[in-house]
Every structure is written in C-alpha cells, then in structure tokens.
Amino acid sequence: MQRFKKVIGDFLGFVVIFFYKGVALKKFDKHVLSIYFHNPSPFLFQGIILFLRAHNFHFISEKELYDLALGREELKERKAFVSFDDAWKGNLKLIPVIEKYQIPISIFTPVKPVVSGNYWWEYVPYLKSKYPEISGAEDLKRMKNSERMEYVRNAAAERILKRSAVNLKELEYLHKHPLVTIGSHTYHHPIGIQCSNEELAFEYSESKKILESWLKTEINSFAYPNGDYDERDFEFLKKNGYKMAFTTSPDLSRENNDMYEIPRVSINTKGGKYENIARMLGLWHQYIQPLQLKLKSENRKVSVQIIDQYS
C-alpha cells in the first residue's frame, strides 16, 4: 500500500510540475526556499539537491539566512536553506552527498533521544497494542504533556528498541563538520501547546544548556516540534537567547514577520522525488491538497500522503 501511495503521489507531483514549474520558481527570485527533512534516503535527498542545483539555487547556511532576514545581505540570486529535524541516525548516511555538493545544513536536535536512543513516537505501536484508548500518535499528541510522558516512560521500561537517534559521539562528529550547524529541538520533543509553563520553560532552557555543554558552542536556533507553538514560546526563546526559530509552515507571507516564525517546507520522507519537488515549489499545497480535502469531504478515500507522520 505504501508503494502505491508513493507512485500516485509522484504521478500527481509530476503532472503539476510539468504545467506550473516555471511560474512556481519565479517566487524564489524574491524569497529564500527553506526546506526540512526528517530521515530521507540518500537517493531522495540527492534527487532534491540535484533539482535545486539544476534550477540555479545556491545553498546557504543558517548564519547566511539570518543575515538575509535581518537585511544585512541582499537576495541577488535563488537561495535555498536545508535543515533536518530530530537528528536521526540515518542522517549520517547523507554526509557524502552533503560534501559532494557542499550543502550547508542545520540539524535540530532533541536532547533526550541522543541519550536514550529513541523518539517517543516509536513506542506508539506497542502502546496501541496495550492500551485500547490509544489508536495512534495523534491520541498521544492531544494529551497533556505529563500524561503522554507517563505512557512513554512505561513503554520505554517494557520495550527495548534499536537506536534511531544519533548518539553523543555522532552528534559531536556532526557538530565538528564544517557544513553542519546544530540547533535545538527541545529536550523531550514534546507537543509544546500541551505543556505547562514550567514544562515548556524546561524544554527551552535545558536543551540549550545541555547542547552547549556537550558541543562547547553557542546554540542560536530552534525548531518547533510538531510545528506547534504559542505566545509562551516567543517568551522562552527570548529569555534563553535564541536568535531564530523555524516553523513547519510553508507560508512565505510570514517570512519577514518575525525571526521566531521562519517558514519551512516539509519534505515527505515516504514520498517520491516529484511529489516532494511539488511540495517545495508550493504546487502540492496549491493543487493536490485541496483536491484531497474535497475528496475527503465527499467521504471518499485518496491514496496520497499529505504530510509526514511526525515533525
């Protein structure tokens, strides 16, 4: 079924790219393209990079993006900023591609998975099998943070998983790489809007403090887990000295509104090359997503995955 979804998604992506690519690319003469991955295959990652290179995008670092956003630099050519959420162990396989094409990247890293080896959502299959009230990750996301963490702690005590996150040695290796910048992605990767003030304060302060202690560097950037945030997050970002924060929204109209609401386009790890190119260019959200919502409203099924399972 997943393979079928990927084929359909790629077909739809190819169609909208064929008809609308030229118009879609023009907006990036005036806006930076900011994209983020989770745990892509080297094949998918390289395919996206090659498309961008073929269409005259120049890759910039987090610092260069910051200078552009502040008006210290002018946007004279197409620019692309590439980031990764969660610090998956699989990201290490992308280093040869990053080096070959000299792609600066930022990796937004939650602290707890570096220590424990796994992300809380990896326990969802086990929790589904044990607790009838849990049917999927969305049920956990809707819980108060303390309640969700209790479920996850119990599952982690009962279930041993193969490590998915980088370990500290690997994180240090990534940090020392000249093309890599490490940012914060909180301590536990919670759903921020479900956290109490005390919990949220901890997530911002402790993650920055520990990453800076581990890596002996200043952590300036942050990405909102699951893309959720509210006014409290801005307060904690300022209090802890973060200079910039990234959303999961592709809305370019917010690009220059606030350094704490920098837009990004999600690359679907399970999707194909053409689906993801359509996403990057805004064509997926403009043409395919409304179609899917219309079909859903008519109680019909569509075999196209719109967003990544986790952020």
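1. Two strands are treated here as paired if DSSP finds at least two bridges between them. Helices (H or I, at least four residues) and strands (E, at least two) are DSSP runs, numbered from the N terminus. In β3, Leu 33 has Ala 80 as its bridge partner.

2. Basis of the note. This is a predicted model, in which local features need pLDDT of at least 70 and side-chain atom pairs count only at pLDDT 80 or more, whereas totals for chains, interfaces and linings use all residues. Residues are numbered from 1 along each chain as its sequence is written, and side-chain values use heavy atoms, with hydrogens and water left out.

3. Confidence. The pLDDT (the predictor's confidence in each residue, from 0 to 100) averages 92 over the chain, and 92% of the residues score at least 70. Residues 300–311 are an area for caution, with pLDDT below 50. Beyond near neighbours in sequence, this stretch nevertheless has 47 contacts in the model, a contact being heavy atoms within 4.5 Å. Where pLDDT is low, the predicted coordinates should not be read in detail.

4. Strand β1. Burial is defined by relative accessible area: buried means under 20%, exposed over 50%, and partly exposed in between (1.4 Å probe, protein chains only). Strand β1 (residues 33–37) is largely enclosed by the rest of the structure, because 5 of its 5 residues are buried. In a regular strand the side chains alternate between the two faces of the sheet. On one side of β1 lie Leu 33, Ile 35 and Phe 37, and on the other Ser 34 and Tyr 36, with both faces covered. The pairing of β1 with β3 is parallel and spans 5 bridges. Strand β8 (residues 265–266) also pairs with β1 in the parallel sense, over 2 bridges, and there Tyr 36 has Ser 266 as its bridge partner.

5. Strand β4. Strand β4 (residues 105–109) is mostly covered, with 5 of its 5 residues buried. Ile 105, Ile 107 and Thr 109 occupy one face, while Ser 106 and Phe 108 occupy the other. Strand β3 (residues 79–85) runs parallel to β4 and is joined to it by 4 bridges; Phe 84 stands opposite Ile 107 of β4. Strand β5 (residues 180–184) is likewise parallel to β4, with 5 bridges between them, and Thr 181 in β5 is the bridge partner of Ser 106.

6. Connection between β3 and β4. Together with helix α4 (residues 95–101), these two strands make a right-handed β-α-β unit. A crossover is right-handed if, with the strands pointing away from the viewer, the path from the first strand over the helix to the second runs clockwise.

7. Nonpolar cores. A nonpolar core is a set of buried Ala, Val, Leu, Ile, Met, Phe, Trp, Tyr and Cys residues joined through side-chain atoms within 4.5 Å. The largest one has 61 residues, and those with the most contacts inside it are Ile 35, Phe 45, Leu 52, Val 82, Leu 237 and Met 280. Helix α2 (residues 42–54) supplies the largest share of this core, 6 residues. Another core, of 18 residues, lies apart from it and includes Tyr 119, Ile 134, Val 152 and Ile 191.

8. Surroundings of Leu 237. Not counting residues up to four places away in sequence, Leu 237 touches Tyr 204, Phe 222, Tyr 224, Tyr 242, Ala 245 and Tyr 260.

9. Salt bridges. The structure holds 14 salt bridges, each being a side-chain nitrogen of Lys or Arg within 4 Å of a carboxyl oxygen of Asp or Glu. Side chains of opposite charge can pair when their charged atoms come close. Lys 63 and Asp 67 form one such bridge (3.2 Å, N to O) and are about one helical turn apart, because they lie 4 residues apart in helix α3 (residues 62–69). Lys 63 is exposed at 59% relative accessibility, whereas Asp 67 is buried at 11%. A network of salt bridges links Lys 63, Asp 67 and Arg 72.

10. Further bridges within helices. Arg 153 and Glu 150 form a salt bridge whose closest N and O atoms are 3.0 Å apart; both residues lie in helix α8 (residues 145–158), 3 residues apart. Arg 153 is partly exposed at 47%, as is Glu 150 at 39%. In helix α10 (residues 197–215), Lys 209 and Glu 206 are also 3 residues apart, and their side chains meet in a salt bridge (3.3 Å, N to O). Glu 206 is buried, with a relative accessible area of 19%.
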